[in-house]
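Subject: Structure for your review

Dear colleague,

Please find the structure below, together with its sequence. A summary of what was found in it follows.

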Amino acid sequence: MQLRKENILIVDDDVNILELLQRHLQSWNYHVFKAISVKEAVTILRDTQIDLLITDLKMPEVDGFELIKFVSEHYPKLPKLVVTGYPSVQGSLEAIKSGVVDYLTKPFTKDELKSALDKSLVASEGKAIQPKNTSEHRTEPYGEIIGNSEKINDVIQVIERVKDNKATVFIKGESGTGKELVARAIHYQGKFSRAPFIAVNCGGIPENLLEAELFGYVKGAFTGAETNREGFFQAANGGTIFLDEIGNASLTVQSRLLRVLQEKEVVRVGSTKAEKVDVRIIAATNSDLQDMIQKQTFREDLYYRLTVVEIHIAPLRERKDDIALLVDKFLFKYGIEYKDRFLKITPEALDILNRYNWPGNIRELENIVQRAVIMCDMVVDVEHLPDHLKHTIAFSADALVPLKVVEKQYIEKVLRATGNNKTKAAEILQIDRKTIRQKLAD
């Protein structure tokens with residue numbers, strides 16, 4: 001089997017340098033991705049498996065040092081090569097300390113580029129994953145999984161055990177906890193990372209279509225089946241298929257899934273011919289499958305086939321130590337996307353985020369940080385957080401305050417609603433204007 005050619009991302013605001021690098025790299029049969037800004041580079045990194053980053057340092061808005069820092073934190077195994085027209089001893093030292101393999105000064109020869117390229121790629125191949133000390137907290141990201149809480153480290157330990165084999169994995173967790181991120185980490189951090197990864201939301205495909213989408217169909221199998229078509233299992237052959245919300249699959253689909261697990265083969269809709277597939281199955285749900293088994297809406301034999309290895313992702317309210325790291329990640333992501341700059345958050349705003357219970361988990365946190373980035377200029381503060389979150393905190397059981405404080409907050413809220421009309425506010429509150437003044441002054 002021929003190995004995939006390396007994907008190389010080059011980042012420079014000088015289009016002439018980009019074109020020069022692209023010509024050289026393509027002449028050596030590499031796949032090339034180009035970006036003229038850190039913002040474009042981050043987008044490519046999130047959507048594409050990159051094997052080497054080549055970046056300039058001096059760029060407008062966000063410089064290359066910030067990109068290197070981001071890559072070191074979020075893609076620690078990705079080698080980095082710096083190409084710059086503004087060399088300095090300090091710049092070289094900072095780049096090397098940030099994990100850069102080599103440092104080229106413009107102008108450079110084709111041979112110098114090839115030598116630095118080979119050095120960087122060889123360094124990448126030689127990087128071994130160090131065994132993790134279970135007694136220590138993890139400080140670096142694992143794929144896109146962010147956190148150093150004990151519960152996240154427990155998840156990482158299981159991923160380490162299963163990533164290099166094809167044991168069936170079952171992921172449990174509330175909606176928004178990052179089940180797909182864990183599935184992707186299992187695939188992309190292991191030795192099968194160059195094979196396909198196919199994610200299927202079983203709850204997002206109509207029940208009558210899910211069977212055909214998963215297993216494929218032959219021409220004439222049903223109205224509209226005008227040609228033979230592969231399903232997701234055939235597309236994932238050699239790699240991983242992630243079946244999210246598996247509890248939404250019908251009993252018919254469950255029966256077919258059982259056959260795939262037992263026989264390692266699929267039969268297309270409308271066919272009797274079995275096709276062998278070599279696929280690792282990762283399933284996930286936020287449903288109670290044990291309860292569904294009792295109600296006979298989920299097959300017990302399939303459940304035990306799926307749960308060879310179980311991973312439970314704790315809700316965000318049970319791992320609040322990870323909130324600050326997640327906030328930093330989303331501030332970077334949306335600060336670059338919307339503002340072309342790096343943003344900060346005040347301690348007061350972060351305190352509110354830490355005290356909230358996050359019923360929507362990480363997805364809710366990301367949405368709130370995204371909104372705050374849009375609403376702020378350079379720093380996210382309390383005023384940029386949604387009112388419901390601030391009010392929930394103010395009146396939560398773990399944030400008890402004196403009655404006069406609650407009264408004052410409520411009077412201020414009524415005044416805002418009435419446009420600071422004290423007469424109208426007094427009518428609503430059923431107190432006189434003098435009492436309003438006294439309570440506000442306390």
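**Helix packing**

Helix α2 crosses helix α3 in the right-handed sense. Please bear in mind throughout that the model is a predicted one. Helix α2 covers residues 38-47 and helix α3 covers residues 64-74; the two pack at an angle of about 20°, and their axes lie 10 Å apart. With that angle, α2 is roughly parallel to α3, because angles under 35 degrees are classed in this way.

A second helix pair involves α13 (residues 323-339) and α15 (residues 361-375), which pack at about 45° with 9 Å between their axes. That angle makes α13 oblique to α15. The crossing of α13 past α15 is right-handed.

**The sheet**

Five strands form an open sheet in the order β7-β8-β11-β6-β12, and their pairing is parallel. The edges are occupied by β7 (197-201) and β12 (309-312); each has a single partner strand, so one side of each has no neighbour in the sheet. From one strand to the next, the twist averages 15°.

The pairing of β12 can be described in further detail. Its partner β6, residues 169-172, is joined to β12 in the parallel sense over four bridges. Within this pairing, valine 169 has valine 309 of β12 as its bridge partner.

**Cavities**

How many cavities of 30 Å³ or more does a search of the whole structure find? The search returns two.

The largest cavity has a volume of about 50 Å³. Its lining consists of Thr168, Val260, Leu261, Lys264, Val277, Val279 and Ile281. By class, five of these lining residues are nonpolar, one is polar and one is charged. The charged residue is Lys264 and the polar one is Thr168.

The second largest cavity holds about 30 Å³ of space. Leu331, Ile345, Leu353, Val369, Ala372, Val380 and Leu385 form its lining. Here the count is seven nonpolar residues, with no polar and no charged ones. Among these lining residues are Leu331, which falls in the range of α13, residues 323-339, and Val369 and Ala372, which fall in the range of α15, residues 361-375. The oblique pair described above, α13 and α15, thus contributes residues to the lining of the second largest cavity.

Should you wish to inspect these features yourself, the helix pairs, the sheet and the cavities may be taken in the order given here.

With kind regards

Note on methods:
Residues numbered from 1 in each chain as written. Predicted model: local features only at pLDDT ≥ 70, side-chain atom pairs only at ≥ 80, totals over all residues. Heavy atoms only, no water. Pairing = 2+ DSSP bridges. Axes fitted to C-alpha atoms, helices over the stretch in contact; angles between N-to-C directions. 1 Å grid on protein atoms, 1.4 Å probe; cavity = no way out; pocket = protein on both sides within 12 Å on 5 of 7 lines; lining within 4 Å. Points joined across faces, edges and corners; volume = space filled by probe spheres on them. Parallel < 35°, antiparallel > 145°, perpendicular 65-115°, else oblique. Left-handed = near helix turned anticlockwise from the far one by under 90°.
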